[in-house]
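Q: I'd like to learn how to read helix packing and burial in a model. Could you take me through it step by step?

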Amino acid sequence: HVRQLYALVSETLRYAPVLEKLLDGAALLQAEKKLPPQLAKVLVYDLLFGKGLKCGGRWKALARRHRARLEAELARMKVRRKVSRNEDLLAPVQAASSAASQVPRYVRVNTLKTCVDDVIDFFKRQGYSYLGKAASVEELKALSGKKFLLDLHLPELLVFPSQTDLHDNLLYTSGHIILQDKASCLPAFLLGPAAGSHVIDACAAPGNKTSHLAAILRNKGQIFAFDVDPKRVATMNTLLTRAGVTGCQLAQQDFLTVDPGDPKYNRVTHILLDPSCSGSGMVTRGPGEEAAPSAERLQALAGFQRRVLSHALSFPALRRLVYSTCSLHQEENEDVVQAVLQEQGSAFRLVTAFPCWPCRGLAAFPGAESCLRASPAETLTHGFFVAVLERCGEGAAAPSSLPVAAKENAQLGEGTESGAAPKKRKRKKQQVK
């Protein structure tokens, strides 16, 4: 029954844009004001595209009452699109989501519980073929079947073909691996706090970046993680517990209300800021979600992002901050960074984030190339933006430097031949059995 329900919901999502137009054209939601929109989509899908209504009671009667109107609207839609089959109505949606099928399945090894070598060995025992470290993005694109690679940029990231489903894999359910897009791994990697640091994850839920920070810190130090939504905080708590994260204080609180002068934050030297954004870079978003936010919506988001970035920079001991979004829009990315840097004067500066990364920030202002961008076409990831800011003054790092943790990881990768397995490291006490 669970598999059948999952299939029904998946197909409903696939047809979501078509279903929305049918509901509007047939004015179903206006006629049935108590009918929830999501339930309406499921009913209409099952009625017109599925195997017929399986439910009973009033919902079945309601859907049948409007059947003639819905079928007439479907016929008109086919005439307007000049198609004869229901499947042909999906062509624009499938074209829009073609980028998603090219993005591989990225798997971050959770070093709080295991190590890369042990995870590779585990997958080998499950019949997967390990091809060594990737030398180029083209190698990631060519992956197929039960083959996997070590990522060419991030030392604890494995890459599988995009169709690989690991949600039921023992390593995932036990928290030894985290299913996290490569671009989403960049913020914590580039923040790179040294073990023992005090760190704020300002907009933390659902917690993948928080668990990554904990792994970089080796659970030594302190993380303060904030999110305003109680359900998201509960989800994050579950994820962090499964990942073996300790030394993390979760707070259901709007980060803008956090007092930088509170003594408990006196030692916070690093902040990861990944605020709410349009999500326009997420290639695997559910069909039917708004792909192009209005100018008003972008302006409102950018205003919030500027406020929260300025607030983050007001913490007195802050030395390094990473600002990131999963947005493609300049208004939420380069424009926000430029506005806040101008507001800060000479207190903070941009440093070159990951110099070897191929895609740089848009030329919106001098120095914007220090930022980095990611995209399905060029980096085989979700669309993403990352900027690294450091406090100016004595002891500040050179403008093109990597963070301490990233330098250590880069050194680990030096000397490893392309296509060869990484050198064996001393195994940790807690291994994958």
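Q: Which hand does the crossing of H15 and H16 have?
A: For handedness, look at which way the near helix is turned from the far one, anticlockwise or clockwise. In this predicted model, H15 passes H16 in a right-handed crossing. The two helices cover residues 295-312 and 334-344, and their axes come within 9 Å, crossing at roughly 40°. That angle makes H15 oblique to H16, because roughly parallel is kept for angles under 35 degrees.

Q: Which residues make that contact between H15 and H16?
A: From H15 come Ala302, Gln305, Arg306, Leu309 and Ser310, and they meet Val336, Val337, Ala339, Val340, Glu343 and Gln344 of H16. By character, the H15–H16 contact splits into six nonpolar, three polar and two charged residues.

Q: At what angle do H2 and H6 pack?
A: Read the angle together with the distance between the axes. Here H2 and helix H6 (residues 67-81) pack at about 120°, with axes 9 Å apart. H2 is therefore oblique to H6, and their crossing is right-handed. On the H2 side the contact uses Val18, Lys21, Leu22, Gly25 and Ala26; on the H6 side it uses Arg69, Leu70, Glu73, Leu74, Met77 and Arg81. These divide into six nonpolar, one polar and four charged residues.

Q: Which residues of H2 are buried?
A: Burial is judged by relative accessible area, and under 20% counts as buried. In H2 (residues 16-26), the buried residues are Ala16, Pro17, Val18, Leu19, Leu22, Leu23 and Ala26. Val18, Leu22 and Ala26 also appear in the contact with H6. Just after the helix, look at the backbone: alanine 27 follows H2 and has a positive phi, near 55°.

Q: Is cysteine 371 buried or exposed, and how many disulfides are there in the whole structure?
A: Cysteine 371 counts as buried because its relative accessibility is 0%. Cysteine 356, by contrast, is exposed, since its relative accessible area is 52% and the cut-off for exposed is over 50%. As for disulfides, a search of the whole structure finds zero.

Q: How many helices and strands does the chain have?
A: For the overall picture, count the elements, then turn to burial and contacts. The chain comes to 18 helices and 13 strands. Of its 433 residues, 50% are buried. Among contacts between residues at least 6 apart in sequence, 70% join residues at least 24 apart.

Technical notes. Residues numbered from 1 in each chain as written. Predicted model: local features only at pLDDT ≥ 70, side-chain atom pairs only at ≥ 80, totals over all residues. Heavy atoms only, no water. Axes fitted to C-alpha atoms, helices over the stretch in contact; angles between N-to-C directions. Helix = DSSP H or I, 4+ residues; strand = E, 2+ residues; numbered from the N terminus. Parallel < 35°, antiparallel > 145°, perpendicular 65-115°, else oblique. Contact = heavy atoms within 4.5 Å. Nonpolar A, V, L, I, M, F, W, Y, C, P; charged D, E, K, R; others polar. Disulfide = S-S within 2.5 Å. Buried < 20%, exposed > 50% of the residue type's maximum accessible area, 1.4 Å probe, protein only.
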